[in-house]
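Thanks, everyone; I would like to walk through a few local features of this model, beginning with a strand and its partner and then turning to two helices.

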Amino acid sequence: MTPRTERLARQLDRIEVDALLVTDETNVGYLSGFTGDSSALLVERARVTVISDGRFETQLRAECPDLAVAIRPPAEASGPFLAGIVRDRSLRRIGFEADQMSVAGFARLSKATPGIDWVETSNEVEQLRTIKDADEIATIREAVQIAERAFRSIGPRITPQTTEREIAYELEAVMRTLGADGVSFPPIVAAGPAGALPHYRPGPAPVGDAPTLLIDWGASFQGYASDLTRTLTLSPPTPRFREAYEAVLESQLAAIEAIGPGVEAKEVDGVARQILATAGLADAFKHSLGHGLGREVHESPRIAAVSEDTLRPGMVVTVEPGVYFEGAFGIRIEDDVLVTETGHEVLGRLPKGLDDGSPMG
């Protein structure tokens, strides 16, 4: 057992199962420390078994020395192999990750394990993942720092001839050079009117004389993500842009200030939304305020008007209000924020005020 699998094992009585079969690769890695793929965990009350194949036998010995390992022979299919393990341990009622397993996959599993009562479960491991321990927080902090250093590094290299796609590729290359595993998601680099598309994909056109540039990017470091956004002015901002930008920044700062243990996530969303509504920008704010961050770039909790989550110490969330004006520009400002025992901590240091000087370079 590991501390994380022990926490999960304590949930088995509540969901009334003899064991839980964990098949989501992110969850397998979180619980076991295994960095490979194509493997599962069978979590019982006093034992955890990694179910894998011969490709990973050496890797599992190195990465999971405290866990039992069951290696499937090449000539045996995964379903019958799992059935044999279950039968040997007299397990009768087993939970499975219903959000992760396909209908076809479940059909194969059921056929291979006659007599087993398979119980749908949802978000059991994901709920454990919402509270980060000290090592996870340190890793996310490093992922933020790498992303920020890369962002500053590429600024002096951007010219009117630089394309959105080149900026995205350069960000990834620099983050990898600085120690990142890669990007935590494909960067969004949107010049001028393209910034009004929240999930825009960088194109081959040069930045040219676009007045604004929205960049949403993040580094993946040792399995954990960062997620940041800045909107830059490449020429003197118009009064319309300045007014909208200052409203977005005010809403972000106020929402961050509202973060703390015991606060409902929807209240934080409401703080930002009210400020933008007062500025006449309610209809331009088209998405929720933020989301949890960890092994995946989108995790629980959700910071949204419809969220039922309550913030707790150890959660890491994004705060990213944005406004979008079709054919003109978009503005989004995003930071990663740790919920602490007494309030919150912004994990990054990039400037974001229009008059703070460019955060690049």
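Strand E17, residues 329-332, is covered on both faces in this predicted model, with Phe329 and Ile331 buried on one side and Gly330 and Arg332 buried on the other. That arrangement can be read against the general rule that in a regular strand the side chains alternate between the two faces of the sheet. The partner I want to show is strand E16, residues 322-325, which runs antiparallel to E17 and is joined to it by four bridges; within this pairing, glycine 322 stands opposite arginine 332. Three residues lie between the two strands of this hairpin, and there glycine 327 adopts a positive phi, near 80 degrees.

Now to helix H10, residues 239-258. How far apart are its end C-alpha atoms, and how does that compare with the expected span? They are 29 Å apart, and because 20 residues at 1.5 Å a residue should span 28 Å, the two values agree. The buried residues of H10 include Phe241, Ala244, Tyr245, Val248, Leu249, Gln252 and Ile256, whereas glutamate 257, which also belongs to this helix, counts as exposed because its relative accessibility is 59%, and the cut-off for exposed is over 50%. The C-alpha atom of glutamate 257 is separated by 8.8 Å from that of valine 268, 11 residues away along the chain.

Finally, helix H5, residues 78-88, has as its buried residues Gly79, Phe81, Leu82, Ala83, Gly84, Ile85 and Val86. After H5 comes serine 90, whose phi is positive, near 55 degrees.

Key. Residues are numbered from 1 along each chain as its sequence is written. This is a predicted model: local features need pLDDT of at least 70, side-chain atom pairs count only at pLDDT 80 or more; totals for chains, interfaces and linings use all residues. Side-chain values use heavy atoms; hydrogens and water are left out. Buried means under 20% relative accessible area, exposed over 50%, partly exposed in between (1.4 Å probe, protein chains only). Two strands pair if DSSP finds at least two bridges between them. The expected span of a helix is 1.5 Å times one less than its number of residues.
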